[in-house]
Amino acid sequence: MVTQQGDARGRTLAGTVWDEVLDTEHAVVIRTYIERWPRKDRAPEKVLIIVVEPDEETRHRCPRCGQRGRPVEHDVKRWRTLDVHGKRTFLESQLPRIVCGEHGKITAAVPRARHDDRFSRPFGEFAAWKAAHMPWTRAAAELRITREALASITGRVAADAAVGTGRLDGLRRIGIDEKSRGKGADKYLVIVTDHDAGRVAWVAGGRDQATVRAFFDALGPDRTELLTHVSADGASWIHPVVAELAPGAEICLDAFHVAKWAGGKLDELRRRLAGELRAAGREDEAATLGAGMWALRKDYRKLTPGQRGTLACIAAVNKPLYKGYLIKEQIREALRVKGRTGKTLMRGVTAWAHRCRIPEMTSLARTLSRYKASIDATLDGGPSNGRAEALNAQVNALITRARGFRSATALMNMITFVHGGLCPESPYE
């Protein structure tokens, strides 16, 4: 161990410099020294120890109520803090146990760290920032801590940041969507997105009406009355609860899902007709339908010359499939133009699908009729669930960076932390 040398004036000056470097609020640097930690087959690691003591204002305070207590015993504790010049650095101080009149015998509070934490606040916030922006394995390696410690730090920082933020206050337009976190019917999350703020407002495990009700219970009746729009897909467990608990809000069916329904029914029709042609020995015509899959799926304006030719061939030899294609394209056009024109076009194409005598398209028409009010709300300019859907990809990125989460709670904490506006800025920015 090598201690810092110098006279009293030098030690005071050094302490002042360290106070400025570390921004040690309500604490004073007493001295610094180096410890050499042995390492297998390598030179000993130089570890910087900075000895601090709290000032009179914060000394012997209860971490729960803040009242001053009577010290009864002392111990020397260390807290990992940000590295200094590449060296692992610890703050060291005597930490007493005190007798609080309200909470009894308890470890005294320290201004530089959370109660019962072994990391300083600057280190915790920087570690959480790294966890939010890079793979956890790499972040843990750079910080020289374990992945478990990194997960624990992130959870504490997120919990502290969430206190008093009122993330459910001021909600007007929200999106409700589900997210799978793994294989199995029980591994789903419900994520509520604030469209106006562009962030996650609430997240919980589940995929049923009880989960949606839990959100509205957390929101409360007063804030629920302020909701104007709720975007969602066609999940039957979302719409009834929203209609019951937020009758003043318009339910907007996500346009992406409407177009997806139309494309899915067109694929069903193509596969059925191709199967019938193969059964009748007309392999060439069935092959044409198979080759025309992308010509039928893509936007007409984006078709290649070859795909346009395939589509023209289908129009000439397979009227039912081409009719289904036109219905699908009319639905896409209605969703594109929106407004009164879009609603008129949607009503017309729905009526056409009802009477076209194509089973797949009549089934689609029944679905469109069932969700007519929600589709009209979307065409009137209601919010799309696209932001919530895009969040799914970002959540996948979180899972990939962390190499999977061992619990739903850890994943939900991370989603709220990264996409709920709680992540701190890098201390180096």
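pLDDT is the predictor's confidence in each residue, on a scale from 0 to 100. The model shown in these views is predicted.

**Figure 1. Confidence across the predicted chain.** The protein has a mean pLDDT of 86, and 94% of its residues reach 70 or more. Residues 1-11 have pLDDT under 50 throughout, and the model gives this segment 13 contacts beyond four places in sequence. Where pLDDT is low, the predicted coordinates should not be read in detail.

**Figure 2. The largest nonpolar core and the surroundings of M414.** This core holds 35 residues, and F123, I145, L150, M414, I415 and F417 have the most contacts inside it. Two or more core residues come from each of α2 (121-133), α3 (136-143), α4 (147-162), β8 (188-194), β9 (199-205), α15 (386-402) and α16 (408-419). Helix α2 provides the largest share, seven residues. M414 touches A131, A132, W136, T154, L398, F405 and H419, when neighbours within four places in sequence are set aside. Another core, of 33 residues, lies apart from this one and includes L269, I327, L364 and A365. In soluble globular proteins, nonpolar side chains tend to be buried together.

**Figure 3. Strand β3 between two pairing partners, β2 and β5.** Strands β2 (residues 27-39) and β3 (residues 42-54) are antiparallel and are paired over 11 bridges. One of the bridge pairs places E35 opposite V47 of β3. The two strands form a hairpin with two residues between them, and D41 in the turn has a positive phi of about 60 degrees. Strand β3 also runs parallel to β5 (residues 87-100), to which four bridges join it. I50 has L91 of β5 as its bridge partner.

**Figure 4. The second largest pocket.** The space in this pocket is about 280 Å³. Its lining consists of 19 residues, and E53, P54, S93, Q94 and L95 are those nearest the pocket centre. Strands β3, β4 (70-84) and β5 each give two or more residues to the lining. Strand β5 supplies the largest share, five residues.

**Figure 5. The largest cavity.** The model has one cavity of 30 Å³ or more. The largest cavity encloses about 30 Å³ of space. Its lining is made up of L277, E285, T288, L289, I314, V317 and N318. Helices α8 (283-291) and α10 (305-317) each contribute at least two of the lining residues. The largest share, three residues, belongs to α8.

**Figure 6. Positive phi at K338 and R357.** Most residues other than glycine have a negative phi. K338, although not a glycine, has a positive phi of about 55 degrees. K338 sits in the loop between α11 (319-337) and α12 (339-355). With a relative accessible area of 33%, K338 is partly exposed. R357 likewise has a positive phi, near 60 degrees, and is a residue other than glycine. The loop that holds R357 is the one between α12 and α13 (359-370). R357 has a relative accessibility of 79% and therefore counts as exposed, the cut-off for exposed being over 50%.

Technical notes: Residues numbered from 1 in each chain as written. Predicted model: local features only at pLDDT ≥ 70, side-chain atom pairs only at ≥ 80, totals over all residues. Heavy atoms only, no water. Buried < 20%, exposed > 50% of the residue type's maximum accessible area, 1.4 Å probe, protein only. Contact = heavy atoms within 4.5 Å. Core = buried A, V, L, I, M, F, W, Y, C linked by side-chain atoms within 4.5 Å. Pairing = 2+ DSSP bridges. 1 Å grid on protein atoms, 1.4 Å probe; cavity = no way out; pocket = protein on both sides within 12 Å on 5 of 7 lines; lining within 4 Å. Points joined across faces, edges and corners; volume = space filled by probe spheres on them.
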